[in-house]
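Here are my notes on the model you asked me to look over, set out as numbered points.

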2 protein chains.
Amino acid sequence: MTSDPKVAPSFAELTRVHARLYRYYHLASIVGWDRNAMMPPGGSEARAAAEAELNALIHRTRTGPRLAEWLRAAEAEPLDAIARANLREMRRDWRDANALPESLVEAKTLAGARCEHAWRSQRPANDWRGFLENFREVVRIAREEARLLAEDTGFSRYDALMDRFEPGVRSQDVDRIFGEVKGWLPDLVERAVAKQGHEEVIVPKGPFPVAAQRALNTEVMTLLGFDFAAGRLDESAHPFSGGVAEDVRLTTRYHESDFARSLLGTIHETGHARYEQNLPRAWLGQPLGTARSYGVHESQSLSFEMQLARGRAFAGLLAPLLKRHFGDQPAFEPDNLHRLMTRVKRGRIRVDADEATYPAHVILRYEIERALIEGEIEADDIPALWDQKMRALLGLDTRGNYQDGCLQDVHWPEGAFGYFPSYTLGAMYAAQWFAAMRRAVPELDARIAAGDLAPVFEWLSANIWSRGCLWETPELVRRASGEALNPQHFRRHLEARYLN
Amino acid sequence: MTSDPKVAPSFAELTRVHARLYRYYHLASIVGWDRNAMMPPGGSEARAAAEAELNALIHRTRTGPRLAEWLRAAEAEPLDAIARANLREMRRDWRDANALPESLVEAKTLAGARCEHAWRSQRPANDWRGFLENFREVVRIAREEARLLAEDTGFSRYDALMDRFEPGVRSQDVDRIFGEVKGWLPDLVERAVAKQGHEEVIVPKGPFPVAAQRALNTEVMTLLGFDFAAGRLDESAHPFSGGVAEDVRLTTRYHESDFARSLLGTIHETGHARYEQNLPRAWLGQPLGTARSYGVHESQSLSFEMQLARGRAFAGLLAPLLKRHFGDQPAFEPDNLHRLMTRVKRGRIRVDADEATYPAHVILRYEIERALIEGEIEADDIPALWDQKMRALLGLDTRGNYQDGCLQDVHWPEGAFGYFPSYTLGAMYAAQWFAAMRRAVPELDARIAAGDLAPVFEWLSANIWSRGCLWETPELVRRASGEALNPQHFRRHLEARYLN
């Protein structure tokens, strides 16, 4: 990275600011992990004050008075391609932090907090009318936010929101891709459910002691290449992947009656973790050295959980580990294990959905939130649209059932519009990575079955992990897989797993 | 606390700065705890950078350009006694942060780090000559530091260093007190050792599984009033009490062959913890709401460990707990337990010393370091003085044995002069607290024996914990116990425990 302060003084100033920000984020990330995984309740008030102070400091740093001038000057400085990519990400960060007036940021925080807080009791009470009262204000502010970001970027309003989560991806592409998926998904789900109706599945018998589950998870994480010298596994009420690239903190939650939930959750988080643990070391401390996007991050967790761990080859690796930690039982036979991990069931709840029905939940939300932000519909229109789309995509009636319908997610109450597509983009990227991997390593599944996961890690490392933010997402996809995002890989993956 | 910004605008500015500092210290304390108790080795480099950034921020805040002006102006503002005490502590903090020129702080850090780093291998190699090469520079800088602090405070050079650890205590007092102790301590130790030579002590038989020790420690901490809703017990290589007043983080270290070390260490740290957990809530966030001093802090850990837990009454409470967690054995009989916890043995190593011989180790160091800082001796003179004083106080020959002599502590290599007296002042304060407590609650020992520790906690809370930094140490001692620090209480405590 050319950052010789003599020839590129403004760029050098910017790298200094971002190095400082990186260290602030380190502090924020570790105390945030601590709050969720370690802190006793008595610490919460003082912690909230300390974290707010740090966030204010971070905001002041990202909106520093000289940044705009340095960004402008750095554009004209002699920079190599890598430094230029870093500069692009610096500008993105600056735009994110500076696009909105202070008053709007405050109004957004306030409205989101009020709506989310009320939503916690309105959801169980199925109270859509009550929710609407707060939600209309959240939508109003989100539209204003989208308008300002759109002016700033030249994107459409919804695209301006989505670009913060998936840089370079536009709704025109998402429309085309999700449109295609809508064409074949309902039939595929129908056939998968029908086929599985004839299969016999043995359910594992618990209890599964927490200590044994912890040992199993640790062993599987090790098998998946997690570096315990640069990370930890702990417990929290809501599992997450936190910490910093140099020290990744995963959490899980144990249920003695069900080991699979914690195990698959841990495998999912391990995918996120390996991305972080293998970001390019030379670029750490700069925007260039961070993970590309929410969708690409999700493609790593889904590569581990969906593509790898729920595959038939991996079930053969898992079986002996389960026997060793929990004792032998018929349910641990590899074919049965694989069947257990690939059940398809149409349901109303997104977070409980399997990989085949999940896209339906996302497409529905994407279509509604885009129309909402672009001003084509109003908040009041959501339940009818929700029901209509749920019926078309999954054949489910959701009339009057708001709590398992449009009230189920925290994203909208919080004002997080533009995020939902990342989940399904991530699933599609993951399928596309594995298709490319199979072209490069034709014997891939045999090697996985033999316990040799190196080809998976090597491909992901070379094509995704080591790239950081060098390219925007579409370019990363093309470079990694030889083509733009192509939902046919995801379709073929689902067909191979659920219809053959 | 009068801090109406209309009548005391400068004081109000100062409280804002200190509220911000408090939140920064919160972050520093939690990530510091994490580094010692949780962080995998791979995180250390990034963590060091993040902590250095935060420390630089804290230093900039403590040396902010307007602080001097605000401090001066606040002196003339109408403040009540409590606000005035807070202002006194603000000035102390400002002086600590600003007394030394940047260049001296840097030179001190550098020399201390170099000397300490080399000392780690020089100590096991018994290499006094090699140590001296770095140590002379540490002494030179410490003397310069003492000279500048003395100019600033009007104290003697050594007193200026000591005042940072024990506000208000002067070497004139320490000389008188330690001089008195030197008069009776060698004889007392002699008689205690002779008496114990006739006693039979049964040593507990291990191993003591870590899980059982952890459960025992947790139960004893609960008995001692530790609030687990506002703190945690974890493990680290070097046990410490960290975190923040609202969320105290203790650590211990387990040895399967010896439960007593971890148990008594945990009790010691619980004393520190209860002080922090019971600092005045209304003053938290300001200097006034922090613990008074290192010596007073140590008086709390020693109140718990030495005065309370190693007493005969407490052994009766401990015995059934040990039986429950480790199974019954003759060593757990209360009289035997008490004997085990009160062995006196003259040794060369301070950190292994019992409460009777410990003051000898401290007095020796105090006399040497004070003479060194005042320029009455040179670093080269230390080994001969060390040997002479060890002989006089404990009858031990240390000639040529530097590693168990003047090379044994990390304090001097790091340049921390003026700290050692706090250990023994703490032990004496603790004895004086318990003497006052027994006057107030004549049936104290019977109540402890009956498992009622409330009188201990109530006295400490009313007289020490709730006082924060309202007074300097000598005033706190007078208010709490009705007299100035009086080593006779410590003497009577030792005589009662070891000679009767």
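The points below take up the chain arrangement, the aromatic pairs, the charges over rings and one strand pairing.

1. This is a predicted model, in which local features need pLDDT of at least 70 and side-chain atom pairs count only at pLDDT 80 or more, while totals for chains, interfaces and linings use all residues. Residues are numbered from 1 along each chain as its sequence is written, chains are lettered from A and ligands numbered from 1 in the order in which they are written, and side-chain values use heavy atoms, with hydrogens and water left out.

2. Chain B is superposed on chain A by a rotation of 180 degrees with 0.0 Å of shift along the axis, at an RMSD of 0.0 Å (a least-squares fit on the C-alpha atoms of residues with pLDDT of at least 70 in both copies). This is the relation of a two-fold axis. Of the interface residues of chain B, 100% are also interface residues in chain A, so the copies meet through the same surface; contact here means heavy atoms within 4.5 Å.

3. Over all chains, the search of the whole structure finds 48 aromatic pairs (rings of Phe, Tyr and Trp, the last by its six-membered ring, with centres within 6.5 Å; planes under 30 degrees apart are stacked, over 60 edge-to-face, and the rest tilted). One of these is edge-to-face, because the rings of Trp386(B) and Trp412(B) have centres 6.1 Å apart and planes at 85 degrees. The pair links distant parts of the chain, with Trp386(B) in helix α15 (residues 382-394) and Trp412(B) in helix α16 (residues 411-414), 26 residues apart; helices are DSSP runs of H or I with at least four residues, strands are runs of E with at least two, and both are numbered from the N terminus.

4. Trp412(B) also pairs edge-to-face with Phe420(B), their ring centres being 6.1 Å apart and their planes at 85 degrees. Relative accessibility is 2% for Trp386(B), 5% for Trp412(B) and 0% for Phe420(B), and each residue counts as buried (under 20% relative accessible area, with exposed over 50% and partly exposed in between, for a 1.4 Å probe and protein chains only).

5. The charged end of Arg365(B) sits over the ring of Phe420(B), 5.5 Å from its centre, and Arg249(B) lies over the face of Trp33(B), 4.4 Å from the ring centre; the criterion is NZ of Lys or CZ of Arg within 6 Å of the ring centre and within 35 degrees of the ring normal.
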